[in-house]
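Subject: A structure for you to look at

Hi there,

Here is the structure I promised to pass on. Have a look at it first, and then read my notes below.

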Amino acid sequence: MRVKIFKGRTIQEAMASIKEELGPDAMILSTRRVPKSPRDPYAKDMFEIEASPKADPKDSVVASPKGYVVNPKPAEDLAPLKDELASIKDLISLVGLESGLDSLMSDHSEAAGLFASLIRTGISEKKAKAILKNACAAMDGDHNEAAGSMAILKKYVIQECLKDINTVDPFAEGTDGSGLPHAAAFVGPTGVGKTTTIAKLAAELKFKRKKSVGLVSIDSYRMGAFEQLKSYASIMGIMCVPAFSREDLVKTLERMRHMDIVLIDTAGHSHSDTARMEEVAQVLDGDFKVSVHLVLSMTTGFIDMKTAASAFSALNPESYVFTKIDETKRCGKILDQVGDLRLPISLVTNGQRVPEDLIVPKPQDLLGLMLGRDQG
Ligand SMILES: Nc1nc2c(ncn2[C@@H]2O[C@H](COP(=O)(O)OP(=O)(O)OP(=O)(O)O)[C@@H](O)[C@H]2O)c(=O)[nH]1
Ligand SMILES: [Mg+2]
């Protein structure tokens, strides 16, 4: 096997030379940070990567005496190779990224692989860098821990991510003593899954937690919006009424005052439609207390999600509901979002089935969802 050593001031630089000379399928055999030259104490660190051209597939199989081609290695022997391949994928994905990780990696070369893994979960480069920087600092400050391995740094990365993730179950508490039901409105952009989530939640509250639940729709915009909620309510034997003004809503909540919980469905609208935002705010702004929950879909791009959340923050939401996590493998953007507008997460939905596809999450579950996928 022809092995060659490539050097660069950064991993990206060395990888770029490998790609150019040996092609994109080159095999990476080892990587290491080369210590500063003893003769020049001011010299910058270098990275050294050993690589060889793509192996010929014929090399990995042998012919049996009968002429059958057999794989000489049992499957379990391939495990270390798989790990190696994963780290190569990580290194390759760093090439071309304006990662600016150089200074971090000069002290922590093990951060490169984790950076790439974070990026692949959908976390933004900026957030991934901040997480790694803090994780490295925490690891360096912890004198009980022998720093230097990817596994140890991973532990600190997880701790760092968990700092941003808070969960809340808004319906865990009993009534607040006011004698009124807990009224909760779900707001958010169009089509994110507000009505479907309310139907799932109503079932969870009524059948699992044995609460009395009422449903109200204040969506007077979309044709059939009320009928959609009503049909779920009929199946579950739950009271469901429309209320298209503040006065209506006050009267409706009065009618439902014997209930434990009232869930309010609102009309989805664009975050830039400030008039509609005002309307929702006015209907919800009465002499009664309504908790507001912001529903965002994982199919929305990171920037649009951030813009929508910032616009809907005018309605003072108390929690996030993240929907359609089944439609993406890149749930890492939740970390960006919760780091930006800091609210706890109350619910996550993972499919269209009512009532099954609803999760009342714990921080560990969420971290699993965000980081556990697409790691290979
Ligand atoms: N894959 C997937 N689809 C979902 C999920 N939640 C809702 N949906 C689908 O998303 C579509 C829109 O859902 P709705 O509940 O009507 O959305 P909405 O936010 O109430 O929509 P508007 O009232 O028009 O703003 C429907 O086809 C739902 O079945 C989910 O968790 N995963
Ligand atoms: Mg709806």
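Below is what I found, topic by topic.

**Before you start**

This is a predicted model, in which local features need pLDDT of at least 70, side-chain atom pairs count only at pLDDT 80 or more, and totals for chains, interfaces and linings use all residues. Residues are numbered from 1 along each chain as its sequence is written, while chains are lettered from A and ligands numbered from 1 in the order in which they are written.

**The chain as a whole**

You will find 13 helices and 13 strands in the chain. Helices (H or I, at least four residues) and strands (E, at least two) are DSSP runs, numbered from the N terminus. Of the 376 residues in the chain, 37% are buried. A residue is called buried if 20 or more other C-beta atoms lie within 10 Å of its own, exposed if 12 or fewer do, and partly exposed in between, with C-beta atoms placed from the backbone.

Contacts are also worth a look. Two residues are in contact if their C-beta atoms, placed from the backbone, lie within 7 Å. Among contacts between residues at least 6 apart in sequence, 74% join residues at least 24 apart. For a pair distant in sequence, try arginine 32 and serine 109: they are 77 residues apart along the chain, and their C-alpha atoms are separated by 7.7 Å. Arginine 32 belongs to strand β2 (residues 27-34) and counts as exposed, because it has 11 C-beta neighbours inside 10 Å.

**Around the ligand**

Which residues are closest to ligand 1? They are Gly193, Thr195, Thr196, Gly268 and Thr349, from a shell of 20 residues. To be near the ligand, a residue must have its C-beta atom, placed from the backbone, within 6 Å of it. Helix α7 (residues 194-208) gives the most to this shell, with 3 residues. By type, the shell has 2 nonpolar, 11 polar and 7 charged residues. Here Ala, Val, Leu, Ile, Met, Phe, Trp, Tyr, Cys and Pro count as nonpolar, Asp, Glu, Lys and Arg as charged, and the others, Gly among them, as polar.

**The sheet**

An open sheet is formed by 8 strands in the order β8-β7-β9-β6-β10-β11-β12-β13, with mixed pairing. Two strands pair if DSSP finds at least two bridges between them. The edges are β8 (239-242) and β13, each with a single partner strand, so one side of each is left without a neighbour in the sheet. The pairing of β12 with β13 is antiparallel, over 2 bridges. Thr349, one of the closest residues to ligand 1, has leucine 358 of β13 as its bridge partner.

In the loop between β12 (345-349) and β13 (358-359) you will meet proline 355. A cis peptide bond joins valine 354 to proline 355, with omega about 5 degrees.

**Helices that cross**

Is helix α4 (residues 111-120) mostly covered or mostly open? Mostly covered: 10 of its 10 residues are buried. Just after α4, glycine 122 has a positive phi of about 100 degrees.

The axes of α4 and helix α5 (residues 125-141) come within 9 Å and cross at roughly 140 degrees. Axes are lines fitted to C-alpha atoms, for helices over the stretch in contact, and angles run from 0 to 180 degrees between N-to-C directions. Ala111, Leu114, Phe115, Leu118 and Ile119 of α4 make the contact with Glu125, Ala128, Ile131, Leu132 and Cys136 of α5. These residues divide into 9 nonpolar, no polar and 1 charged.

Helices α6 (residues 150-164) and α13 (residues 363-371) have axes that come within 10 Å and cross at roughly 115 degrees. Their contact is made by Ile158, Cys161 and Leu162 of α6 and Pro363, Leu367 and Leu371 of α13. It has 6 nonpolar residues, no polar and no charged.

**Two lysines to find**

Most residues other than glycine have a negative phi. Lysine 210, in the loop between α7 and β7 (213-217), has a positive phi near 55 degrees. Lysine 324, in the loop between β11 (319-323) and α12 (333-340), has a positive phi near 60 degrees.

Which of these is buried and which is exposed? Lysine 210 is exposed, because 8 other C-beta atoms lie within 10 Å. Lysine 324 counts as buried, because it has 21 C-beta neighbours inside 10 Å.

Enjoy exploring!

Best wishes
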